[in-house]
Amino acid sequence: MPRRCKNWIDAYMDYTSEQESPEDFHRWTSIAVLSATLGRHIFMERGYYRLFPNLYIVLVAGSAKCRKSVSTHIGISFLNELKQKPMLFSQKITNEALIKALLDAKIDGQSSGIIYASELSVFMGKDAIGSGLIPTLTDLYDSPSKWSYHTRTRGVEILENVSICMLGASTIDWLRTSIPIDAVGGGFTSRIVFIYQERARKPILFPQKKSGSEQLHKDLVEDLNHIRTQRGQIDLTPDARILASAWYEEELGKPRDARLE
């Protein structure tokens with residue numbers, strides 16, 4: 001099946017161009033959508049391990065300032081139109097319920113899905129560490145081929161070929177209650193890409209889609225269905241490897257704020 005959009009992210013950005021959320025919110029939402037669509041089917045060999053494209057992404061802005069939930073909802077709606085939808089977790093959930101759902105959602109030998117938390121504090125709750133939810137999400141980020149968990153009622157449960165993505169939204173105040181300080185030192189926050197914006201792209205009280213947006217929407221969905229079927233290893237071009245190596249060495253040499261470490 002031929003691709004209809006030359007670059008899916010660019011086409012998605014064009015589709016959302018008349019919605020007032022910041023461009024970075026739409027861009028990273030589109031990346032989260034691709035992440036969930038690819039699941040564990042696509043990987044990059046890293047010598048001693050495989051790297052999968054799952055991401056934890058959280059949009060951060062003041063309440064009602066940047067239309068965080070609107071931008072994330074647009075992206076999630078595309079996933080809901082797929083022929084083979086990834087499992088979607090969008091309500092407050094316990095740790096054991098998440099594991100049980102991943103077991104039940106096993107398709108093609110994978111336990112995969114995406115967490116959609118339009119209000120991060122609601123999804124996680126105040127006892128996210130005590131209940132084991134944050135430690136579990138920290139472990140599952142690495143997409144283990146096998147992961148076991150001991151439950152009180154069901155004994156040992158084993159997840160295989162795990163792939164979990166997350167797309168969330170929060171205000172700075174919510175972050176203080178959603179992610180306890182213990183989760184920072186425990187490595188959970190280092191696995192999250194936080195996208196912070198202070199203001200909307202432009203004020204649009206009465207947004208209207210551009211001409212041709214309905215066809216573009218169909219093309220985006222069709223391409224996502226195609227992307228969902230892709231399997232196998234990806235690699236960087238020689239030029240991309242050179243750029244990546246230069247960036248990596250530069251990053252390692254940068255001084256770090258001890259508080260961020």
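## Exercises on a predicted fold

α3 lies across β3, β4, β5 (111–117) and β8 (162–170), and its direction makes an angle of about 155 degrees with β5. Keep in mind as you work that this is a predicted model.

**Exercise 1. Work out the strand order of the five-stranded sheet, and explain why β4 and β9 each have one side without a neighbour.**

Step 1. Walk across the sheet: the order is β4-β5-β8-β3-β9, the sheet is open, and the pairing is parallel.

Step 2. Look at the two ends. β4 (87–89) and β9 (192–196) are the edge strands, and each has a single partner strand, so one side of each is left without a neighbour in the sheet.

Step 3. Check the twist: neighbouring strands of this sheet are turned by 15 degrees against each other on average, direction ignored.

Step 4. Zoom in on one pair. Strand β3 (residues 56–60) is joined to β9 by five bridges in the parallel sense. Here Val 58 faces Phe 194 of β9.

**Exercise 2. Find which strands helix α6 lies across, and decide how well the helix is covered.**

Step 1. Helix α6 (residues 133–140) crosses β3, β5 and β8, at about 125 degrees to β8.

Step 2. Now turn to burial, where the cut-off is under 20% relative accessible area. Six of the eight residues of α6 meet it, and the helix is mostly covered.

Step 3. Pick them out on the model: Leu 133, Ile 134, Thr 136, Leu 137, Thr 138 and Leu 140.

**Exercise 3. Describe helix α9 by its span, its burial and its packing partners.**

Step 1. Start with the span. Helix α9 (residues 213–228) has 16 residues and covers 22 Å from first C-alpha to last, close to the 22 Å expected at 1.5 Å a residue.

Step 2. Twelve of the 16 residues are buried, leaving α9 mostly covered. Among them are Leu 216, Leu 220, Val 221, Leu 224 and Ile 227, along with Asp 219, Asp 223 and Arg 228.

Step 3. Trace what covers them: the buried residues of α9 pack against α1 (8–15), α2 (23–38) and α3 (68–79).

**Exercise 4. Locate the second largest pocket and name the element that gives the most to its lining.**

Step 1. The second largest pocket holds about 520 Å³ of space. It is lined by 14 residues, and those closest to its centre are Met 44, Arg 46, Leu 51, Ala 244 and Tyr 248.

Step 2. Sort the lining by element. β1 (42–45) and α10 (238–252) each provide at least two residues, and α10 gives the most, with five.

Step 3. Place β1 in its sheet. The order is β2-β1-β10, in an open sheet with mixed pairing. β2 (50–51) and β10 (232–233) are the edge strands, each pairing on one side only.

Step 4. Connect sheet and pocket. β1 and β2 run antiparallel and are joined by two bridges. Met 44 stands opposite Leu 51 in β2, and both residues are among those closest to the pocket centre.

**Exercise 5. Separate the covered face of strand β6 from the uncovered one, then find its partner strand.**

Step 1. In β6 (residues 146–151), Trp 147, Tyr 149 and Thr 151 make up the covered face, while Lys 146, Ser 148 and His 150 make up the uncovered one.

Step 2. The partner is strand β7 (residues 155–160), paired with β6 in the antiparallel sense over six bridges.

Step 3. Finish with one residue from the covered face, Trp 147: opposite Trp 147 stands Leu 159 in β7.

Technical notes: Residues numbered from 1 in each chain as written. Predicted model: local features only at pLDDT ≥ 70, side-chain atom pairs only at ≥ 80, totals over all residues. Heavy atoms only, no water. Helix = DSSP H or I, 4+ residues; strand = E, 2+ residues; numbered from the N terminus. Expected span 1.5 Å × (residues − 1). Buried < 20%, exposed > 50% of the residue type's maximum accessible area, 1.4 Å probe, protein only. Contact = heavy atoms within 4.5 Å. Pairing = 2+ DSSP bridges. Axes fitted to C-alpha atoms, helices over the stretch in contact; angles between N-to-C directions. 1 Å grid on protein atoms, 1.4 Å probe; cavity = no way out; pocket = protein on both sides within 12 Å on 5 of 7 lines; lining within 4 Å. Points joined across faces, edges and corners; volume = space filled by probe spheres on them.
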